[in-house]
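Q: Please take a close look at the ligand site in this model, covering the residues around the ligand and the pocket that holds it.

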Amino acid sequence: MKVGILGSGDVAKALAAGFIKYGHEVILGTRDPAKLSARLAEHRGARTGTFAEAAKFAEVVVLAVKGSVAADALRAAGAANLSNKVVIDAANPIADAPPVNGVLKFFTNLDESLMERLQREFPAARFVKAFNSVGHAFMIDPQFKGGKPTMFICGNDEPARQTVRGILDQFGWETADMGKAEAARAIEPLCMLWLIPGFLRNEWTHAFKLLRQD
Ligand SMILES: NC(=O)c1ccc[n+]([C@@H]2O[C@H](COP(=O)([O-])OP(=O)(O)OC[C@H]3O[C@@H](n4cnc5c(N)ncnc54)[C@H](OP(=O)(O)O)[C@@H]3O)[C@@H](O)[C@H]2O)c1
């Protein structure tokens, strides 16, 4: 697949490396492609471009920027370049405030997630929430004693969720499909939960797993 990643941070780089490892073509989108090219010399196979170039190139887009600028990055990518594309949304709506007893603040509330806001502004894009509830170091081929961890996903478009499930299979995850976009109200705060042991006890090496009786 042709993958356009909007972002140049830890998540963008981890996912770029994973997509390349599994034979996909990647363009990383950033506001300053020249600067990023130099920094990304180690990511062999990933090209760099503007947000719009990455989105235009992509069959699958990955949104990997700060939640507070997610809409700006998508606007820079261009609604036409996102139209009908699967957009994997790894962004979390973390507010610019310090954690309280290890608990971060969000700029959204439990009745409206960031992904729902983005889906409303870009109705022709097919958003799927994924990769937001684990640290970037575990996104590709996670190895845990308890077996494969679970990635919770959601989004309004069923075939788009199937595409993301296929990517998660490749990257070594179990997928728990939570249905339509409203489920992002529950999936986005998993990032808060994931971060608490880190902030409280400097523990960063865990992931979630959904256990089933049958
Ligand atoms: N770090 C993790 O382990 C982790 C895990 C799960 C989910 N997440 C979520 O994934 C997202 C990315 O996290 P990250 O840690 O990789 O990176 P980050 O530091 O949150 O974001 C870096 C990206 O944000 C872009 N950006 C900053 N200001 C911008 C603006 N005004 N307009 C457009 N783009 C702007 C930067 O673009 P330029 O390239 O142009 O500078 C850069 O690509 C976040 O929403 C985070 O909550 C992070």
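**The ligand and its pocket**

A: In this predicted model, the shell around the ligand is made up of 11 nonpolar, 9 polar and 3 charged residues. Of the 23 residues in that shell, the ones that come nearest to the ligand are Ser-8, Val-11, Thr-30, Arg-31 and Val-65.

Ser-8 and Val-11 also take part in polar contacts, though through different parts of the residue: an N or O atom in the side chain of Ser-8 lies 2.5 Å from an oxygen atom of the ligand, whereas for Val-11 a polar backbone atom is 2.8 Å from a ligand oxygen. Lys-66 likewise offers a polar backbone atom, which is 3.4 Å from an oxygen atom of the ligand. The ligand taken alone exposes 890 Å², and the protein buries 75% of that area.

As for where the ligand is placed, it sits in the largest pocket, whose volume is about 890 Å³. That pocket is lined by 37 residues, of which Val-11, Ala-64, Val-65, Lys-66 and Gly-67 are the closest to its centre. Val-11 and Val-65 therefore belong both to this central group and to the residues that come nearest to the ligand. Several helices contribute to the lining of the largest pocket, with α1 (10-21), α2 (33-39), α4 (70-77) and α9 (190-201) each supplying at least two residues. By class, the residues of this lining divide into 17 nonpolar, 12 polar and 8 charged.

Methods. Residues are numbered from 1 along each chain as its sequence is written. This is a predicted model: local features need pLDDT of at least 70, side-chain atom pairs count only at pLDDT 80 or more; totals for chains, interfaces and linings use all residues. Side-chain values use heavy atoms; hydrogens and water are left out. A residue is near a molecule or strand if one of its heavy atoms lies within 4 Å of it. A polar contact is a pair of N or O atoms within 3.5 Å; within protein, one must be able to donate a hydrogen and the other to accept it, and residues adjacent in sequence count only if both atoms are side-chain atoms. Accessible areas come from the Shrake-Rupley method with a 1.4 Å probe; for residues, only the protein chains shown count as cover. On a 1 Å grid over the protein atoms alone, a cavity is a set of points where a 1.4 Å probe fits but cannot get out, and a pocket is an open set with protein on both sides within 12 Å along at least five of seven lines; lining residues have an atom within 4 Å of a point. A molecule sits in a cavity or pocket if more than half of its atoms lie within 2 Å of its grid points. Ala, Val, Leu, Ile, Met, Phe, Trp, Tyr, Cys and Pro count as nonpolar, Asp, Glu, Lys and Arg as charged, and the others, Gly among them, as polar. Grid points are joined across faces, edges and corners, and a volume is the space filled by probe spheres set on the points. Helices (H or I, at least four residues) and strands (E, at least two) are DSSP runs, numbered from the N terminus.
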